[in-house]
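This report introduces a single protein chain to a reader who has not met it before. The sequence and the structure are shown first.

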Amino acid sequence: MFSMENKFLAHVDTKRMNWYLDRDLAIMLNDKDFKLTFKSKGDKSRGKYYMLELENNCVVCGSEDNLTKHHVVPSQYRKFLPLKYKSKSSFDVLCLCMDCHHGYEIEADKLKEALLSKYGLVEYDKEVYKVRALHKTLNMHSEHIPDDRRSDMVEYLENFFNGDIEDILATDDYEFESSTELLMKHIEDTEEFVIMWRKHFIEHAKPKFLPKEWFDEIELVTINK
């Protein structure tokens, strides 16, 4: 991808290239290079990492077999982040082999669980599942439920919704926020959150084949914090 001034900006995939072409925001220079037809505000902010033509190998062990994409900042969080972290997502999408990917995800899951615990959300998804099940059961099979069991179910729902059971059961379109969505509402510094995940990946995956420019970019962002 080249700028209006014919300055090389970055290596991008076909999907992103077509995004610009389909919106008449770029023109093809040859069969693989294209040029933007507008002044990109992000031109000056791109580091050297974006100018590299990346190798098709695992950034952890160097393997060229059974490769997969790894999102350094997990996708479940990225969709709640500001646009600038989505538009430059290629920086946080790395190539890993299946074995290294699986090994790191074990550590990533521990961090996800720690974040849920920090904000008191560990049991939230289970509670929502239970509420949905009780609501459905009372609506569809209330007459077949023993009185004492039904009484317990009613009490649980009334406490959860802080309302009367008739009104609660009359509504069948309750929408619950996911624990991830509630978690992200607690994140005040999104840049710090992103940096945390990048550092976590470096510490636990120990990538030996990740270009130096990637680390340089991390260091610059951290210094500017």
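The following sections describe the overall fold, the nonpolar cores and two of the helices.

The structure is a predicted model, in which local features need pLDDT of at least 70, side-chain atom pairs count only at pLDDT 80 or more, and totals for chains, interfaces and linings use all residues. Residues are numbered from 1 along each chain as its sequence is written, and side-chain values use heavy atoms, with hydrogens and water left out.

**Overall organisation**

The protein chain contains 10 helices and four strands. Helices (H or I, at least four residues) and strands (E, at least two) are DSSP runs, numbered from the N terminus. From that terminus on, the order of elements is α-β-β-β-α-α-β-α-α-α-α-α-α-α. Of the 225 residues, 34% count as buried; buried means under 20% relative accessible area, exposed over 50%, and partly exposed in between (1.4 Å probe, protein chains only). The chain exposes about 14500 Å², of which carbon and sulfur atoms supply 50%. These areas come from the Shrake-Rupley method with a 1.4 Å probe, and for residues only the protein chains shown count as cover. Among contacts (heavy atoms within 4.5 Å) with a separation of 6 or more, 68% join residues 24 or more positions apart.

**Nonpolar cores**

In soluble globular proteins, nonpolar side chains tend to be buried together. A nonpolar core is here a set of buried Ala, Val, Leu, Ile, Met, Phe, Trp, Tyr and Cys residues joined through side-chain atoms within 4.5 Å. The largest such core has 32 residues, and those touching the most other members are V60, Y77, L94, L96, F193, W197 and F201. At least two residues of this core come from each of β4 (93-97), α4 (98-118), α5, α8 (179-185) and α9. Helix α4 gives the largest share, six residues. A second, separate core of 10 residues includes I145, I165, I168 and L169.

Beyond its neighbours within four places in sequence, V60 is in contact with L96, C100, F201, A205, K206, P207, K208 and F209.

**Helices α6 and α9**

The expected span of a helix is 1.5 Å times one less than its number of residues. The table sets this value beside the distance between the end C-alpha atoms.

| Helix | Number of residues | Expected span | End C-alpha distance |
|---|---|---|---|
| α6 | 15 residues | 21 Å | 21 Å |
| α9 | 16 residues | 22 Å | 22 Å |

In α6, the buried residues are M153, V154 and L157. Seen down the helix axis, the buried residues of α6 fall within an arc of 100°, so they line one face of the helix; the arc is that of the directions from the helix axis to the C-beta atoms. They pack against α5 (124-141) and α7 (165-170), while D148 and N159 are exposed on the other side of α6. N162 follows α6 and has a positive phi, near 55°.

At the N-terminal end of α9, D189 acts as a cap, with a side-chain oxygen 3.2 Å from the backbone nitrogen of E191. The buried residues of α9 are F193, V194, I195, W197, R198, H200, F201 and A205. Just after α9, K206 takes a positive phi of about 50°.

H200 lies in α9 (residues 190-205) and counts as buried because its relative accessibility is 10%. The side chains of H200 and Y104 are joined by a polar contact of 2.7 Å. A polar contact is a pair of N or O atoms within 3.5 Å; within protein, one must be able to donate a hydrogen and the other to accept it, and residues adjacent in sequence count only if both atoms are side-chain atoms. Neighbours within four places in sequence aside, H200 is in contact with Y104, E107, A108, L111 and A205.
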